[in-house]
Amino acid sequence: MTTHRVTLIPGDGVGPELTEATRRVLEAAIATSGGSFDWDVQEAGVDVMEKAGTPLPPETIESIRRNKVAIKGPITTPIGTGFRSVNVALRFELELYACLRPCKTYPGVRSRFDDVDVVIVRENTEDLYAGIEFETGTPDNKKLVNYLNTEFPQNKKIREDSGISIKPISRFGSERIIRFAFDYAKANNRKRVHCITKSNIMKFTDGLFLATFRDVAKEYPDIEPWENLVDAACMGLVQRPEEWDVLVLPNLYGDILSDLTAGMVGGLGVAPGGNYGTDAAVFEATHGSAPKYKGQNKVNPTAMILSGMLMLRHLGEDAAADKLEQAVASVLGEGKSTTYDMKPSRDDPSAVGTSQYADAIIEKLEA
Ligand code: NAD
């Protein structure tokens, strides 16, 4: 019998109630394979700021480094406190360079599309998210504008009142995310990897990403490499969703397209995610802490439960992951024990709460 030690971060807002539902479901899922979890519960978020002086205590990061696997509830980004997003800080601290967001239609989930099964592989550390910005009017901004305008006269002149963001995309960063996408495709019997860029306009950043994609693709002859421009990809995804498979994208396009594809399969309540690095992986839903629903036992834990399913696969527990996915699909498909957001009307009296929905999944797993 395998016991997996995993860092469990309940988060804040609706995080603790989603985490409790997810914990119970994951324990029932792994029990079907005779395994168990040994949870290392750690704090993060606005609720610990006062006590710890930071929303991301060092012990929490240490715990993830030690256990190498974590599942977390959403965490509010405090506004006006000088703290940046805990979620972004975690990805940065642990060098979680790959963000995996599978988006699949499950019967019973309301959506305009019924045949979506795409996987977004988003680069998590580079691009316009690197946070290298120069505010208009500052001495550094003026120096940079002057340098660019005088040293590169062949370029279009930059207006002096411009804000500037830098978009670094490296060969190293591109290669490791593209390799991750092809390895994922190979391990999961997917046919195609699409490289999504705007390489016709940003030749030295997106162009480098695409050139790296062409090189790496040669090492995976069984997987078809497709190249798409990001604007055409948005149109193509909604026109012919069945044509799309695994998508690998630089950070910003990945952020935008993962919300587009989440919307195509029923929205934030059902969109799971995993952040992977060389030494650790952190699993979390795509959505935030929905503070207005805190403590109401109301919101949908499917996204976090399916993030747990990704975690089971990462731990090598594929049989338990398959059973969990079947149980979730079956409860959603029956449509009886589902949360308010899965119902035709938001105040449908037949909606069940977060924990009753988890009970229905557990019942399927134990049947
Ligand atoms: P949000 O995702 O928390 O909520 C937006 C709306 O989406 C909610 O009001 C609700 O109507 C709906 N919703 C979200 N999750 C749902 C669920 N599981 N079931 C049913 N409905 C759901 O977005 P927000 O209000 O922009 O962000 C709130 C806070 O969360 C912010 O501080 C933000 O920075 C943070 N955030 C955290 C993460 C993370 O922890 N990974 C991700 C995104 C946002």
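## A ten-stranded sheet and its surroundings

Ten strands make up an open sheet with mixed pairing, in the order 2-1-3-12-11-4-5-10-8-9. The model described here is predicted. Strand 2 (36–41) and strand 9 are the edge strands, each pairing on one side only. Averaged over the sheet and ignoring direction, neighbouring strands are turned by 25° against each other.

Let us begin with strand 1 and its surroundings. Strand 1 (residues 3–9) pairs with strand 3 (residues 69–72) in the parallel sense, over three bridges. Within strand 3, Ile71 is the residue that stands opposite Leu8. Helix 3 (residues 58–67) lies across strand 1, strand 2, strand 3 and strand 12, and runs at about 155° to strand 1. The loop between helix 3 and strand 3 holds Lys68, a residue that we will meet again below.

Strand 5 offers a good view of the sheet's interior. Six of the seven residues of strand 5 are buried, so the strand is largely enclosed by the rest of the structure. Strand 4 (residues 98–104) pairs with strand 5 in the antiparallel sense over seven bridges, and here Arg101 stands opposite Ile120. Strand 10 pairs with strand 5 in the parallel sense, over four bridges. Arg122 has Leu249 of strand 10 as its bridge partner.

Now to the helices. Helix 7 (residues 206–217) lies across strand 8, strand 9 and strand 10, at about 165° to strand 8. Helix 8 (residues 230–239) has Val230, Ala233, Gly236 and Leu237 buried. Viewed down the axis of helix 8, the buried residues fall within an arc of 115°, so they line one face of the helix. Residues three or four places apart in an α-helix point the same way, because there are 3.6 residues a turn. Met235 and Gln239, on the other side of helix 8, are exposed. The cover over the buried residues of helix 8 includes strand 5 (117–123), strand 8 (192–197), strand 9 (224–229), strand 10 (246–249) and helix 9 (251–264).

Just beyond, the loop between helix 8 and strand 10 contains Pro241. Is Pro241 buried or exposed? Pro241 has a relative accessible area of 5%, so this proline counts as buried. Apart from neighbours within four places in sequence, Pro241 is in contact with Phe113, Asp115, Val116, Val118, Gly236 and Met264. Gly236 is also one of the buried residues of helix 8. The C-alpha atoms of Pro241 and Asp117 are separated by 7.9 Å, although the two residues are 124 residues apart along the chain.

Aromatic rings come next. The structure holds eight aromatic pairs; the table gives the geometry of two of them.

| Aromatic pair | Arrangement | Centre to centre | Angle between planes |
|---|---|---|---|
| Phe37 and Trp39 | stacked | 4.5 Å | 20° |
| Tyr293 and Tyr340 | tilted | 5.6 Å | 50° |

Which parts of the chain does the pair of Tyr293 and Tyr340 link? Tyr293 belongs to the loop between strand 12 (281–283) and helix 10 (302–314), while Tyr340 belongs to the loop between helix 11 (318–334) and helix 12 (354–366), 47 residues apart. Tyr293 has a relative accessibility of 17%, so it counts as buried. Tyr340 counts as buried too, at 11% relative accessibility. The ring of Tyr340 also has the charged end of Lys298 over it, 4.6 Å from the ring centre.

In the stacked pair, both Phe37 and Trp39 are buried. Elsewhere, Tyr97, Phe180, Tyr276 and Phe283 are linked into a cluster by ring pairs. Arg192 lies over the face of Trp226, 4.1 Å from the centre of the ring.

Finally, a look at the backbone. Most residues other than glycine have a negative phi. Lys68 has a positive value, with phi near 70°, and this lysine is partly exposed at a relative accessible area of 46%. Asn189 likewise has a positive phi, near 55°. Asn189 is found in the loop between helix 6 (171–187) and strand 8. With a relative accessible area of 70%, Asn189 is exposed.

Terms used:
Residues are numbered from 1 along each chain as its sequence is written. This is a predicted model: local features need pLDDT of at least 70, side-chain atom pairs count only at pLDDT 80 or more; totals for chains, interfaces and linings use all residues. Side-chain values use heavy atoms; hydrogens and water are left out. Rings of Phe, Tyr and Trp (its six-membered ring) pair if their centres lie within 6.5 Å; planes under 30 degrees apart count as stacked, over 60 as edge-to-face and the rest as tilted. Buried means under 20% relative accessible area, exposed over 50%, partly exposed in between (1.4 Å probe, protein chains only). Helices (H or I, at least four residues) and strands (E, at least two) are DSSP runs, numbered from the N terminus. A charge sits over a ring if NZ of Lys or CZ of Arg is within 6 Å of the ring centre and within 35 degrees of the ring normal. The arc is that of the directions from the helix axis to the C-beta atoms. Contact means heavy atoms within 4.5 Å. Two strands pair if DSSP finds at least two bridges between them. Axes are lines fitted to C-alpha atoms, for helices over the stretch in contact, and angles run from 0 to 180 degrees between N-to-C directions.
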